[in-house]
Amino acid sequence: MGEQIAQSLQDSVGRVVTKIVTLLPGIAAFVLVLLIFAAIGAGLAWATQRVLAALRFDARFEGNENLSEWTQSPSRLVARIVFWGIFLLGVLVGISAFEAGSSDVGVSAYVFSYVPRVVGALILLFAGTLIARVLGRSVLISGVNMNLQYARLLGTGVKWLVLVLTAAMVLDHLAIGGRIVDLAFGILFGGIVFALSLAVGLGSRDLVTRSLAREVGPRPKPGPVSEERFHHF
Amino acid sequence: MSKIDTEPVVRERELVGGNGEELEAQHSARAAAQPASALFAGISGAVDAEQLRARAATLEGSGMLGGAHLTLAYPGADTERVTIGPGVDLLSYPLPSGEGGASPWVQTAAAEGALLALSAESQAQATVVLHPDLAALSPSMLMQLARPILTEGAGLVMAGYTQGPFDSLVTHSILAPLTRALYGKRVRYPLAPDFALAPRVAARLAMSAHSGVSPVLWPTTVAAGLDAVVVEAELGLQHPAPPGVDLSAAITQLAGSAFAEMEAHAPLWQRIRPAVQAPTPLTSRGPAATEAHSIDTGPMINSFLLGSRSLQDVWGMVLPPVSLLDLKRLALLAPDKFRMPDELWVRIIYDFALSYRLRTINRTHLLGALTPLYLGWVASFVNEAKADPAFIAEARTERLARAFEDGKPYLVRRWRWPDRFNP
């Protein structure tokens, strides 16, 4: 009995070690390729930034206010995109190298087919976050200038509505979560809308009451118009 | 009429070596020797044509134009020049169709641009722009505006108005002191709808209208750029406030336009130092304590407090920590003790201008976040008037303007080195 256990343990350890030894060249190739591409990416990003600086690229985007929310230097943003693009390419090549050095087949095909989804999801995430931030702040400032006491709540609510919508779209695009995401999104989105409706409804209760009273009740007689004592313009 | 920028006149007096009366006599003689002056006056908005004709006939009959030939332009469909008399012609121009919902200032600026183009064609010696209510279309006021240009060599004459102590508060709290500190011109109404221009200033302002830098025209900035003499003429009238204007939208428009001008003329205003000039005579906006007691500052303070609670994140991106701390202290004050120090208000305006330039956040958001702060300033201004029976609004705004001038080195420093540590 003891011998059998020891034998099976030896066999399983042997198999794992053999598997690791088989994978090692692939992993080494993957890391090497990644390092090479990272170095190429860093070089290209540096060159891109220098070229864009020479072309006064940042000055051309001075008029774009929403972009300034993200970066003070669009040329640096482009350089970062170049670096991470090359790095991503390195990951793909590294996976191919890993596949070539191991007995597993189909890994690179699966990853390659997934890349467009990842790119699309990243774009969605970028746009969604930007829209959420701009929209949330717009609502907040407009609410404050309209003297709405719940302006902050309204702004935060709108921002999270867009963020939740974005997250659901990103997960859906990546095909992660399946029906759970749809369900969770529906519950969360509906919950936020309901909470906002309650907050606005309760906050505006007096306003609605006065408005209805004006519509239903007797019309007040026009009194003397109080002259405004100050003018902003 | 008060001379706003007296330096060039003083220089001229020194050159001729005479006193003021001699100079005036020389000016009169020079004016008399010249052929009849061509005066161009334009109405910057829709008017009743019949009322305008009646006023034009009065001008013709008054004989107060001193032999100057007047072309009076007004918005209309006729294209032919109508002669009212030997001294006055009427000319209509198509009113530029502004975008839907454009503010009154933008509409006025579009009309002013069209008028300046017409004026350039007429080769007038002085161009006068008038408010569409025609209150300033009288021989005396017309000449009050045009005379410094025709006879005294002024480049720009801005109208002054008789107003209450709490009128035109955006102008007195932001636009006028900012213009004075930046461009060294003491003008109480930098966006006055009545003003007169010398040909070279008119030509430059017409170029400015087409440049698209700002949707609103700033004659004082243009005159400062040309180093022209700027004079203020007290007309003793008051135009009605534009109706139905949303405060936040208007502040966004006006302050945004002023900041855009700052950005466009940064090299100019950075080298201008506040001129040492005689104090502006207190011609209007007198004692205010009685009127102040009828103003409820509660809603304004509440707006400020709401902003203080909700907009800390936005203000934190624009204002330095010391200003944020001062604002937090303000928020803790009792309503009757609510006072915003001038230095704080000046720093707020300068830091907002800087953020506008640096695009720290979306510009519409930035300017929208200024409204609660402005209402805080108004509440503080009214509270001061309530507390002090001898409160004179004009003297108070003069003190504020000096604070803007004193704070200018801070602006210049931050403008040049925005990344430096600023506690």
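# A tour of chains A and B

Start by selecting both chains and looking at where they meet: 23 residues of chain A and 42 residues of chain B take part in the contact. Keep in mind that this is a predicted model. About 2700 Å² is buried between chain A and chain B, and 56% of that area falls on carbon and sulfur atoms. The size of an interface is often given in this way, as the accessible area lost when the parts come together.

Stay at the interface and select Arg152(A) together with Asp313(B). Their side chains form a salt bridge, with N to O at 3.6 Å. How many salt bridges are there between chain A and chain B? The count is one. Side chains of opposite charge can pair when their charged atoms come close.

Over all chains, the count of salt bridges comes to 15. For another of these, move into chain B and select Glu398(B) and Arg186(B), whose closest N and O atoms are 3.5 Å apart. Glu398(B) sits in helix H18 (residues 393–406) of chain B, while Arg186(B) is in the loop between helix H6 (169–183) and strand S7 (195–197), so this salt bridge ties together parts that lie 212 residues apart in sequence.

Next, remain in chain B and look for enclosed space. The structure has one cavity of 30 Å³ or more, and the largest cavity holds about 50 Å³ of space. To see its lining, select Leu178(B), Thr179(B), Leu182(B), Tyr183(B), Trp218(B), Thr221(B), Ala258(B) and Glu261(B). Helix H9 (247–264) and H6 of chain B are the elements that give two or more residues to this lining. Which element gives the largest share of the lining? That is H6(B), with four residues. By type, the lining of the largest cavity consists of five nonpolar residues, two polar and one charged.

Now go to chain A for the second largest pocket, which contains about 560 Å³ of space. Select Ile81(A), Trp84(A), Leu122(A), Ile123(A) and Phe126(A), the residues nearest the centre of this pocket among the 13 that line it. Then show helix H4 (74–101) and helix H5 (107–145) of chain A, each of which supplies at least two lining residues.

Colour chain A by domain for the last view. Domain 1 (10–105) and domain 2 (117–204) of chain A each contribute at least three residues to the lining of the second largest pocket. Is this lining mostly nonpolar or charged? Of its residues, 11 are nonpolar, one is polar and one is charged.

Definitions and conventions
Residues are numbered from 1 along each chain as its sequence is written. Chains are lettered from A and ligands numbered from 1 in the order in which they are written. This is a predicted model: local features need pLDDT of at least 70, side-chain atom pairs count only at pLDDT 80 or more; totals for chains, interfaces and linings use all residues. Side-chain values use heavy atoms; hydrogens and water are left out. On a 1 Å grid over the protein atoms alone, a cavity is a set of points where a 1.4 Å probe fits but cannot get out, and a pocket is an open set with protein on both sides within 12 Å along at least five of seven lines; lining residues have an atom within 4 Å of a point. Grid points are joined across faces, edges and corners, and a volume is the space filled by probe spheres set on the points. Ala, Val, Leu, Ile, Met, Phe, Trp, Tyr, Cys and Pro count as nonpolar, Asp, Glu, Lys and Arg as charged, and the others, Gly among them, as polar. Domain bounds come from an automatic or database domain assignment. Contact means heavy atoms within 4.5 Å. Buried area is the accessible area (1.4 Å probe) that two parts lose on being put together, summed over both. A salt bridge is a side-chain nitrogen of Lys or Arg within 4 Å of a carboxyl oxygen of Asp or Glu.
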